[in-house]
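Biologist: I would like a close look at a single part of this model, taken slowly and with its surroundings kept in view.

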Amino acid sequence: MELNHLEPEAREFLRGTHFCGAVGMENLMAPLSEAPRSDPPLAGYHVLLTKPKRYQETGKPFHMKPHAQWTARLSALAWRRYNGPIHLLTDREGARYVRQIGLDQVYDSVRDDLWDRYGLNQDKFWASGKLLALEQLQTPCLILDMDLIVWKPLAVRGEPLTAAHIEHLNERVYPEPRQYFLMSPRYRFPEGWDFTAEPLNTAVVYFEDEELKTEYLAEAFRFMKHERDTPDDGAICMVFAEQRILGMCAASRGIRPKVLLDYDRLKEKQDLLTHTWSGKLILSKLADVEEAFVALCREKCRQLEQELKIQTTE
């Protein structure tokens, strides 16, 4: 696709030559891999809880920006091509919306029974939908973010835990929890936690150890229910509950997780994953970049639909 009409930084973003918060963008420009499908098939799940979005935009109906719609569509189709069936776990509003825009056609099933049974602060714990979805799934199970595309079969079977990559501890994102977080008097951090354990990015996460999943979810929800007005930049509380607790629970069980990418080499080219990640800020603000991105996704979707013999309406 010709990108010369874009500003240099935008071209670099789409070609993956400039790190703007997105990983593996160059894979959108590359030919589709001819790798055989995972054998046996590996099921995947997308999760869409609309409450956080509706909480942030009170009074507005739920919606997804064009780049988000097309990334999710491509993510589902690529998963079906290389790994296996993919299902959407959402709520009634999410199910209504995906059917309205035709996104439901790329899934093997759409379930609309996802809801926040804990009454969490959905503004602060905006990714809690994945944890609520994990409660509904039995191991082995795999969840991938709707803004993440997998371009090859994933070799995760036999691993008790697989994550996208580790995260390095730093005080800005991961402050010392026992001093930083404001918690209910009834809350105590588990004595067995190793607070030096590295957090695990769950943009794609696979559980084969049921006891680990159960402990992780229990501790994550216990933390989110007992947190009280901690100063937050929009991420600190959420990534502690979702990523750091997972790393500490795994460490307490002596489990060394498999990771798909090297955190220290995320800027380097690889042909396994594309994750728009915080690059969505650029796609949301620059209409010409979003238009070019959507065109790339649309072409890949067309190829995959032809190969998979799936007929969709946009």
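Which helices and strands each supply at least two residues of the lining of the largest pocket?

Modeller: The model is a predicted one, and what follows should be read with that in mind. Four of the elements that each supply at least two residues of the lining of the largest pocket come from the list's earlier part, namely strand 1 (44-48), helix 2 (51-56), helix 3 (66-82) and helix 5 (128-136); strand 4 (141-144), strand 7 (200-207), helix 8 (236-252) and helix 9 (280-285) are the others. The pocket they border has a volume of about 1800 Å³, and its lining comprises 46 residues, with Trp-126, Asp-145, Asp-147, Trp-277 and Lys-280 lying nearest the centre. Sorted by class, that lining holds 20 nonpolar, 15 polar and 11 charged residues.

Helix 8 also takes part in the second largest pocket, where it gives the most to the lining, with three residues. This second pocket holds about 190 Å³ of space, and its lining includes Ile-166, Glu-198, Leu-200, Gly-247 and Arg-256. By class, eight of its lining residues are nonpolar, one is polar and two are charged.

Charged side chains can then be followed outward from these elements. The count of salt bridges comes to 17, and one of them joins Asp-108 to Arg-80, with N and O 3.8 Å apart. That pair links distant parts of the chain, since Arg-80 belongs to helix 3 while Asp-108 sits in the loop between helix 4 (92-100) and strand 3 (109-111), 28 residues apart. Arg-80 counts as buried because its relative accessible area of 18% is under 20%, whereas Asp-108, at 39%, is partly exposed.

In helix 7 (residues 210-226), Lys-213 and Glu-210 lie three residues apart, about one turn of the helix, and they form a salt bridge whose closest N and O atoms are 3.8 Å apart. Here Lys-213 is buried at 3% relative accessibility, while Glu-210 is partly exposed at 34%.

Another residue of helix 7, Glu-215, meets Arg-253 in a salt bridge of 2.6 Å, N to O. This pair again connects distant parts of the chain, Arg-253 being in the loop between helix 8 and strand 8 (258-259), 38 residues apart from Glu-215. Both partners are partly exposed, Glu-215 at 22% and Arg-253 at 36%. Salt bridges with shared partners also join Lys-130, Asp-145 and Glu-242 into one network, and Asp-145 is among the residues nearest the centre of the largest pocket.

Methods: Residues are numbered from 1 along each chain as its sequence is written. This is a predicted model: local features need pLDDT of at least 70, side-chain atom pairs count only at pLDDT 80 or more; totals for chains, interfaces and linings use all residues. Side-chain values use heavy atoms; hydrogens and water are left out. On a 1 Å grid over the protein atoms alone, a cavity is a set of points where a 1.4 Å probe fits but cannot get out, and a pocket is an open set with protein on both sides within 12 Å along at least five of seven lines; lining residues have an atom within 4 Å of a point. Grid points are joined across faces, edges and corners, and a volume is the space filled by probe spheres set on the points. Ala, Val, Leu, Ile, Met, Phe, Trp, Tyr, Cys and Pro count as nonpolar, Asp, Glu, Lys and Arg as charged, and the others, Gly among them, as polar. A salt bridge is a side-chain nitrogen of Lys or Arg within 4 Å of a carboxyl oxygen of Asp or Glu. Buried means under 20% relative accessible area, exposed over 50%, partly exposed in between (1.4 Å probe, protein chains only).
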